Amino acid sequence: MIDHLSLPSDPGCYQFLDDTGTVIYVGKAKHLKKRVGSYFSPTITDPKTRAMVAAAVSLNFIVTRTEVEALILENTLIKRLQPKYNIDLKDSKRYAYIHLTDDVYPRIHVVREKTDGGDYYGPFVSAKDRDQILHVLKKTFHIRSCKKIPKRPCLRYHIGSCLAPCTGTVSPEVYAAQTARVREILKGHSAALAEQMKAEMSTASQAQDFEKALELRDQIASVQKLSERQAVERAKETDEDIINYQIRKDTVYLMLFSVYKGVLGKKQEFVFSYRPSAVEEFLVQYYGEHEPPSELILPEVPDEAIPEYLSVQKGKKVRVTVPQRGDKKDLLEIVSRNIETTFFNGEEKVTALQKRLRLPEPPQVIECFDISHYGGTGMVGSMVQYRYGMPDKRNYRRFRIRSVEGIDDVAAIREVVHRRYARITKENGEFPDLVIIDGGKGQLHAAGDALADLNLRIPLISVAKREEEIFIPQFPHPLPIKKNEKVSLFIQEIRDEAHRFAITYNRTLMKKRIRHDEV
């Protein structure tokens, strides 16, 4: 079950994934927790939405600074991923740009695709704001908007809103000076124009032309929007990786965002032990297996050998940037915010679990076991590990059942739990702070017997699927924890991940058996 209660309240994008890890739906939200939570309301009756929720087994999200950034990111992700349940949107157009052509007498107009020469500015999410900006620019600087220069002046010339190169009275140099001012404003240098319009607004107000003053006020607000830059879609041809990290309690929490041709897309998370050279070691190992981008954006200056190493790996120069301000600094802040919501939201869940189960310490490492079989055959076991409230997929384990004949979930649980912790005992490894078993009292007691055989005392609970009842070995009755409580939803999330992992393994083995039988 997807735990939407632990989502942040920030704006952002969310992605529902099915049991194969495929993204089946992408959405945007002004408030992630409320928006995703709405999918699980009993009032949802739309068949398509219900089918999508039924197929979803996990959720990814990316936090943004504003709802506008979330909207643009949603658009780019849908176009790249084409999720099954976004089918009505996958052919939608991109958000519009303002285009200034490269003609002798440049034309200003709106386009949705970058197909011709000239300069493009945007994208603009709001058509109203875009059209208002275009209107102000044309009216103020008298740039032509006609597709082809006509043989005689049009209405815009007669009302004084176009320099009208069709009349032959304006030189290319004078026209170029005006378009140069438009370019500067479209680049975000709108202060001069705003001051000019504020003076006009003041004059209109003093003349008690309040309608004119109100119109100018709205136009000034629109012009100022030109300086807003969208951090999630950036008009550039190179690829970038943005890496940020936090160090807490001798552990590095690192996140890597990849920007492909200006689109903020893939998000990867890493956790490893801290030492002074840990981040440089990560860069060397990661880019030893993945092609470096054209530019790597970091929060701090790395070892001086890193840029040269990356350039050697890529076969051409890689630029390493440590921004102090601007768009790239904003991107680092977005990654930092996602580190907070991804890694450290888990701390709240772990702390709540400790209090509700009355554990002596927060269960920072949790391991959960599940048994799966297909049609009464092919019984397998799975174990997933959560570390600091988040899945640690490097420590997932799969088991083929060796000692059990037929289908016996209780005996299979005893086997896999014993095998797991016998090996950790032999290798002097790290034991978990809490063990969760998928099943009722029978599976719980079997796991307890396995731990007792190894002289281990590890907190142990089980969760039964029908009513999501939580059992502990000391009591015959389930704990008084409701299935929609935050703690129960966290336990269900871990159990569902173990179940998904077991089913995936069983399907893999089934395909191998089918291919073998066919041969």
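**Reasoning from a predicted model**

Student: Which residue of β3 is the bridge partner of Leu 17?

Tutor: In this predicted model, Leu 17 has Ser 58 of β3 as its bridge partner.

Student: How do you know that β1 and β3 count as paired strands?

Tutor: Pairing requires at least two bridges between two strands. Strands β1 (residues 12-17) and β3 (residues 58-63) have six bridges between them, in the antiparallel sense. The requirement is therefore met.

Student: What joins β1 to β2?

Tutor: Six bridges join β1 to strand β2 (residues 23-29), and the two strands run antiparallel. Within this pairing, Gln 15 has Val 26 of β2 as its bridge partner. The two strands form a hairpin with five residues between them, and in the turn Gly 21 has a positive phi of about 85°.

Student: Why is β1 described as largely enclosed by the rest of the structure?

Tutor: Six of its six residues are buried, so β1 is described in that way. Gly 12, Tyr 14 and Phe 16 point one way from the strand, while Cys 13, Gln 15 and Leu 17 point the other way, and all are buried.

Student: Why is Gln 385 called buried?

Tutor: The term buried applies under 20% relative accessible area. Gln 385 has a relative accessible area of 3%, so the term applies. This residue lies in strand β13 (residues 377-387).

Student: What makes the link between the side chains of Gln 385 and Arg 387 a polar contact?

Tutor: A polar contact is a pair of N or O atoms within 3.5 Å, one able to donate a hydrogen and the other to accept it. The contact between the side chains of Gln 385 and Arg 387 is 2.9 Å, so the distance satisfies that limit.

Student: How do you know that Val 365 and Gln 385 touch, and how far apart are their C-alpha atoms?

Tutor: Contact means heavy atoms within 4.5 Å. Val 365 is among the residues that Gln 385 touches, a list that also includes Tyr 396 and Arg 420. The C-alpha atoms of Val 365 and Gln 385 are 6.9 Å apart, and the two residues are 20 residues apart in sequence. Val 365 is found in strand β12 (residues 365-374). With a relative accessible area of 5%, Val 365 is buried.

Student: Are Ala 164 and Gln 208 buried or exposed?

Tutor: Ala 164 is buried, because its relative accessible area of 1% is under 20%. Gln 208 counts as exposed, because its relative accessibility of 61% is over 50%. Ala 164 lies in the loop between α5 and α6, and Gln 208 is found in the loop between α7 and α8. The phi of Ala 164 is near 55°, a positive value in a residue other than glycine. For Gln 208, also a residue other than glycine, the positive phi is near 60°.

Student: What is the predictor's confidence across the protein?

Tutor: The average pLDDT is 83, and 88% of the residues score at least 70. Among the elements, helix α5 (residues 155-158) has the lowest mean, 73, and strand β16 (residues 434-438) the highest, 96. Over residues 88-93 the pLDDT is below 50, and this stretch has nine contacts in the model beyond near neighbours in sequence.

Student: How many helices and strands does the protein have, and what share of its residues is buried?

Tutor: The protein has 15 helices and 18 strands. Of its 519 residues, 47% count as buried.

Definitions and conventions:
Residues numbered from 1 in each chain as written. Predicted model: local features only at pLDDT ≥ 70, side-chain atom pairs only at ≥ 80, totals over all residues. Heavy atoms only, no water. Helix = DSSP H or I, 4+ residues; strand = E, 2+ residues; numbered from the N terminus. Buried < 20%, exposed > 50% of the residue type's maximum accessible area, 1.4 Å probe, protein only. pLDDT = per-residue confidence, 0-100. Lists of a residue's contacts leave out its neighbours within four places in sequence.
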